[in-house]
Amino acid sequence: MDEHKKKGSSPGDSQCLVYKPTASVIEGATLKEYEVLYQRSISDRLGFWAEEAQKLEWFKGWDRVLDDSNKPFFKWFVGGKTNIVLNAIDRHVLTWRRNKLALIWEAETGESRTYSYHALNREVCKFANILKSMGVKKGEVVTLYLPQIPELTIAMLACAKIGAVHSVVFGGFSVEALATRIRDASSRVVVTADGGFRRGKTFELKSIVNEALKDSPTVEVCITVKRTGQPVSMEADRDFWLHELMALPIASMKCETEVMDAEDPLFILYTSGTTGKPKGLLHTHGGYSVYTATTLKYVFDLKEEDRYWCTADPGWITGHSYLVYGPLINGATQVMYEGAPNHPYPNRWWQIIEKYGVTILYTSPTAIRGLMRFGEQWPKRHDLSSLRLLGSVGEPINPEAWRWYHRVIGGERCPIMDTWWQTETGGFVITPLPISPLKPGSATRPFFGHEVAVVDDQGAQVPVGSEGNLVLKAPWPGMARTIWGDPERYKETYWKTYEKQGWYKAGDSARMDEDGYFWIIGRTDDVIKVSGHRLGTAEIESALVSHADVAEAAVIGVPHELKGHAIHCFVLLKHGRTGGKELEEQLKEHVSHQMGSLARPEKIEFMSVLPKTRSGKIMRRVLRARALGQDVGDTSTLEE
Ligand code: PRX
């Protein structure tokens, strides 16, 4: 890639360099004419999506591409019959791809397994038959709480195959977070493992499930994968070992793929919002298949011979869309790794790239910053020349990390796809293509079919370079259809602000520069991105308040060099209790236990009063300004 061809523009960085693609990238890319196809995708949006959808298999074609008669509850490919597994597995095993590697899995321990499409199909069928034997029905929600092992991918596909809806809870979450999600989904069946491995140690999962199940009356069956062999407590008639079930005749290798309506639910995935309990965002079989397949194919220019590696955990949307479904629908060979990037040494990832000849690496800014800290000598020990494309997701990437990633990992030849999207969008929305000129720190321009704008609270476009709310102006096939059990909240959260215009409010603030490039600034609500993980202040606050000494709590995110943001808590103790180092540690431990270590607070401050409005709402803005040493701004609504 030729650097500094031109001085670009970025708000606040007028010296920003534009990185243009090299001739070989342009030559190899599936798509060379962005402008032409983009204009077509806007002027004939439905035609564009119909054409992409036709590249997939359907049991029966659709009658209408889009039904927008009940906005904002859009329906895509109405009347179409499909199942995501039809495209992710079934169609491949009918071709030579049955013997192609679908999955290369490696663990931190060095253990590895591979699955061809044929083998993956066999395991999915067996698992699906086990679920059926447990009485799992079409439309029922099965909760999956597993480490990053192939069984998680297999369990997701098995649910989809029989028409059950999966709800994956990230294995890093703990008791309360898990119980809340199981209860909200009213799951009858939970799939877990005894534990997992990370940084040379084992961590517990089954014991957390056991604790969560005390508070989850709907659960009747728990299937456990034996992963670590650590002792766990199993309850008769409720708990089953997966390997024992897999050895029974019920686990047959034949299983029909359920015929689903395009709009039938595929999964729910809980994510944090402004207030209250997490939202279960619902995605469907038809539109989500088309969207993940199309976005991945164009943005990563996925080719038959690629070895694609997305480092995300399937417990987050990135794992769902670009580790499980997108790559499999495209018939790709992918790598999955369980473990920390720097254990036992900071070369672990670079070793994997060299060992498997990875061609595309998709990861997060936090991981890049973390690995950058150890210096260039670690990647330099390995041959990374197989790489041809890089990706970044989850939070804004700072230009310094971008340049390091580009120079040291990508050898200055691999373009970086900085993809902006959300659990709600199902797939990439603002993203470069391999042929795009790149500006470090900008996710560049909208993907096909999207019109994106930065507007003020009334919906007027803000001037170029000014900050405003990011909105998406038209529906797309991968959009979440609703919030599980709470359609009103879906309407209220995403569509209320710009109801008149019919726009989707992303909840991010952003700027657009004069080249039409978007620069994401961050969330405008009470969501904190900690190491790229999306956490809600409300959930952390309620974990704090569940401690016997805490009367009230307020949580904010403050910028952190490595994690992007870190969690700061302000705590008001109950009458007669006093704060101190010991209690601070205790509270941090308490939040970790309830929520998971990813939500462990960085800092806890004991307060004698919390800033509130006269109506009793905590003013986090004031706390944030105070923590950052900034002017607290207008405090006229503050209570005395
Ligand atoms: O603030 C944006 C940030 O992550 C949020 C969505 O989080 P989640 O639903 O967990 O999905 C993360 C993976 C897609 C967004 O509202 N975000 C995501 N990607 C980027 C980003 N911020 C800046 N640049 C990105 N590339």
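Colleague: How many bridges pair β26 and β27, and in which sense do the two strands run?

Modeller: Keep in mind that we are looking at a predicted model. Strand β27 covers residues 518-523, and arginine 511 stands opposite its tryptophan 519. The strands β26 and β27 pair in the antiparallel sense, and the number of bridges is five.

Colleague: Which glycine in the turn of that hairpin has a positive phi?

Modeller: β26 and β27 form a hairpin, and five residues lie between them. In this turn there is a residue with a positive phi of about 80 degrees, and that residue is glycine 516.

Colleague: β26 also pairs with β24, so to speak, on another front; which residue of β26 is the bridge partner of asparagine 469?

Modeller: Strand β24 spans residues 468-472 and runs antiparallel to β26, with four bridges joining them. Seven of the nine residues in β26 (504-512) are buried. The bridge partner of asparagine 469 in β26 is serine 509.

Colleague: Let's move to the open sheet. Which are its edge strands?

Modeller: The sheet has seven strands in the order β7-β6-β19-β18-β20-β21-β22, with mixed pairing. An edge strand here pairs on one side only, and this applies to β7 (112-116) and β22 (416-419).

Colleague: What is the average twist from one strand to the next?

Modeller: Let's stay with this open sheet, whose order runs from β7 to β22. From one strand to the next, its twist averages 15 degrees.

Colleague: Which residue in β19 is the bridge partner of tryptophan 105?

Modeller: Strand β6 (residues 101-107) and strand β19 (residues 333-338) pair in the parallel sense, over five bridges. Following the pairing from tryptophan 105 into β19 brings us to methionine 336.

Colleague: Which helix packs on the sheet, touching β6 and β7, and what angle does its direction make with that of β7?

Modeller: The helix is α5, made of residues 117-133, and it touches both β6 and β7. Its direction and that of β7 make an angle of about 95 degrees.

Colleague: Are α10 and α11 roughly parallel or roughly perpendicular?

Modeller: Helix α10 (residues 285-299) and helix α11 (residues 317-329) have axes 8 Å apart and pack at an angle of about 85 degrees. Angles from 65 to 115 degrees count as roughly perpendicular. Therefore α10 and α11 are roughly perpendicular.

Colleague: Which residues of α10 make the contact with α11?

Modeller: On the α11 side, the contact includes His320, Tyr322 and Tyr325. On the α10 side, the residues are Tyr288, Ser289, Thr292, Ala293, Thr295 and Leu296.

Colleague: Which residue's side chain has a polar contact with that of threonine 284?

Modeller: Threonine 284 is found in strand β17 (residues 279-284). This threonine is buried, because its relative accessible area is 2%. Among the residues that threonine 284 touches are Ala262, Glu263 and Asp264. The side-chain polar contact, of 3.4 Å, is with arginine 481.

Colleague: How many disulfides does a search of the whole structure find?

Modeller: Take cysteine 125: the nearest cysteine sulfur is that of cysteine 255, 5.4 Å away. A disulfide needs the two sulfur atoms within 2.5 Å. Over the whole structure, the search finds zero.

Colleague: Is cysteine 569 buried or exposed?

Modeller: Buried means a relative accessible area under 20%. Cysteine 569 has a relative accessibility of 1%, so it counts as buried.

Colleague: Which glycine follows α12?

Modeller: Helix α12 (residues 348-356) has several buried residues, among them Trp349, Trp350 and Tyr356. After this helix comes a residue whose phi is positive, near 65 degrees: glycine 357.

Methods: Residues numbered from 1 in each chain as written. Predicted model: local features only at pLDDT ≥ 70, side-chain atom pairs only at ≥ 80, totals over all residues. Heavy atoms only, no water. Buried < 20%, exposed > 50% of the residue type's maximum accessible area, 1.4 Å probe, protein only. Polar contact = N/O pair within 3.5 Å; in protein donor to acceptor, adjacent residues only side chain to side chain. Contact = heavy atoms within 4.5 Å. Pairing = 2+ DSSP bridges. Axes fitted to C-alpha atoms, helices over the stretch in contact; angles between N-to-C directions. Parallel < 35°, antiparallel > 145°, perpendicular 65-115°, else oblique. Lists of a residue's contacts leave out its neighbours within four places in sequence.
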